[in-house]
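This report goes through a few local features of one chain, taking the surface before the loops. Please keep the sequence and the model side by side while reading.

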Amino acid sequence: MSTSRSVEQWDEEFECLIDLTLGLMALNEGQRYVNRIQRMPMHTSIRTGHQYMLELINDHPDRLFNKIRMYRPCFEMLIQVLRQQTALQNSRFLTLEEQVMIFIYVISQKATNRMAMEDWQHSGSTISIVFTRICKAIASLSPIFIKPPNFDDVPDEIRFNPKYYPYFQDCIGAIDGTHIAAHAPSNVANNYRGRKSNVTTNMLAVCSFDMLFTYVVTGWEGAVHDSRVLTTQLEDPNSGFPHPPPGKYYLVDSGYSNKPGYLAPFRNVPYHLRDVRRRGGRINGPTELFNYRHASLRNCIERCFGVLKARFPILRFMTNFSLVRQREIAMCCCVLHNFIKLHNRDDPLFQRFGVDGVMPPPDSDDEDNTASSSGTAANPHGYGGNDENLANSMRDHIMIQMYLHYNM
């Protein structure tokens, strides 16, 4: 009898437990329904996004720099330029200053949409709309801030440096490519995989010796070699590429051929700065001297990339934007790079990388072009043998003059 009672009691308790569970589930569903009907506000912090912006602007200068990688005077100048050169204005709920700061915050902190929502107390859709709007506006400024210098002038960095003058007096800049972290659809992802199998886009850039970008093209697949990108831009009459005038030339690395307008180092000869520094600065012969000074002068493009990626980590850790937006983001970073260089010569990052010969951190996805490698470099301009001989003769002449003065 006692056994039957315990079984009956167990059955009753089990039924009660089931009823309680079903009741809790119904209550939870009811609460979820109520929340859908009457949505609970999420971003209810006492400090609004506008107040956060004012706090950053008016507090210690380094707080603003650490957040958006520029100081207040430069930021205020950027707002003024955007008001004058674009159609951007205050929106109904956000000032232009807050919109721009949100965008620069995202690219400077590689912040996700959720992170921006929490810091600026706006919805995810608002953050996305603001990001897209500001991204397009800043990218549209590229013709204003990314343009070639006066090719008739000898750059001060050459004119007043006996290592380079008069040997490189006709040099007008340096060319190289760099890889930008990317997200690509799975059906085309293999086209964007670079040497290290990472998904990247290839960005070709030309810079002057004062570390300003003078030409930039973004969005090429990471599997495409730098020389092919340059070849395509040279052959496209609508690319806007600043072709060197007769007698002038750009410095290129050994990934490109030595052709008129594009001065490459000697192959099968040590080239990188670290090769000479490893021997305590000892130079072995005229070709090595030429390569060392060529590398030292062309190093400005590597330092440009170093500043760019140090300021905007999103270029190393791209979030999941469309490929079109990723191209615009890279262009925006280059525009802001030039803008800061023009309006804040004392910027800490330019001070850090601005010293001649400073080597930026290595980028594992970038091409490792070395002058000591063997093989044939790509011909970026399609020149024939006579043009190549002319370019080689010019390089030999520079080398001989340089070595004669070096031994005096």
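Which residues make a nonpolar surface patch of about 430 Å²?

## The nonpolar patch

In this predicted model, the patch is made by four leucines, namely Leu17, Leu20, Leu24 and Leu27, and its area is about 430 Å². One of these residues, Leu20, is found in helix α1, which runs over residues 2-37.

Leu20 has a relative accessible area of 53%, and because exposed means over 50%, Leu20 counts as exposed.

## Ser239 and its surroundings

Ser239 lies in the loop that joins α10 (226-235) to β4 (249-251). Is this serine buried or exposed? Its relative accessibility is 15%, and since buried means under 20%, Ser239 is classed as buried.

The side chain of Ser239 has polar partners in the backbone: a polar atom of this side chain lies 3.0 Å from the backbone oxygen of Asp236, and a polar atom of the side chain is also found 3.3 Å from the backbone nitrogen of Phe241. When neighbours within four places in sequence are left aside, Ser239 is in contact with Tyr215 and Gln233.

## A cis peptide bond before Pro166

Which peptide bond is cis, with omega near 10°? It is the bond that leads from Tyr165 to Pro166. Pro166 itself is found in a loop, in the stretch between α9 (156-159) and β1 (171-181).

## Two residues with positive phi

Gln121 is not a glycine, and yet it has a positive phi of about 60°. This glutamine lies in the loop between α6 (113-120) and α7 (124-139). With a relative accessibility of 14%, Gln121 counts as buried, because the class takes in values under 20%.

Asn268 likewise has a positive phi of about 60° although it is not a glycine, and it lies in the loop between β5 (262-263) and α11 (273-277). How is Asn268 classed, buried or exposed? The relative accessible area of Asn268 is 56%, which means that this asparagine is exposed, the cut-off being over 50%. Read together, the two entries pair a positive phi at Gln121 with a buried position, and a positive phi at Asn268 with an exposed one.

Note on methods:
Residues are numbered from 1 along each chain as its sequence is written. This is a predicted model: local features need pLDDT of at least 70, side-chain atom pairs count only at pLDDT 80 or more; totals for chains, interfaces and linings use all residues. Side-chain values use heavy atoms; hydrogens and water are left out. Patches are made of residues with over 30% relative accessible area and no salt bridge: like charges are joined within 9 Å, nonpolar side chains (Val, Leu, Ile, Met, Phe, Trp, Tyr) within 5 Å. Accessible areas come from the Shrake-Rupley method with a 1.4 Å probe; for residues, only the protein chains shown count as cover. A salt bridge is a side-chain nitrogen of Lys or Arg within 4 Å of a carboxyl oxygen of Asp or Glu. Helices (H or I, at least four residues) and strands (E, at least two) are DSSP runs, numbered from the N terminus. Buried means under 20% relative accessible area, exposed over 50%, partly exposed in between (1.4 Å probe, protein chains only). A polar contact is a pair of N or O atoms within 3.5 Å; within protein, one must be able to donate a hydrogen and the other to accept it, and residues adjacent in sequence count only if both atoms are side-chain atoms. Contact means heavy atoms within 4.5 Å.
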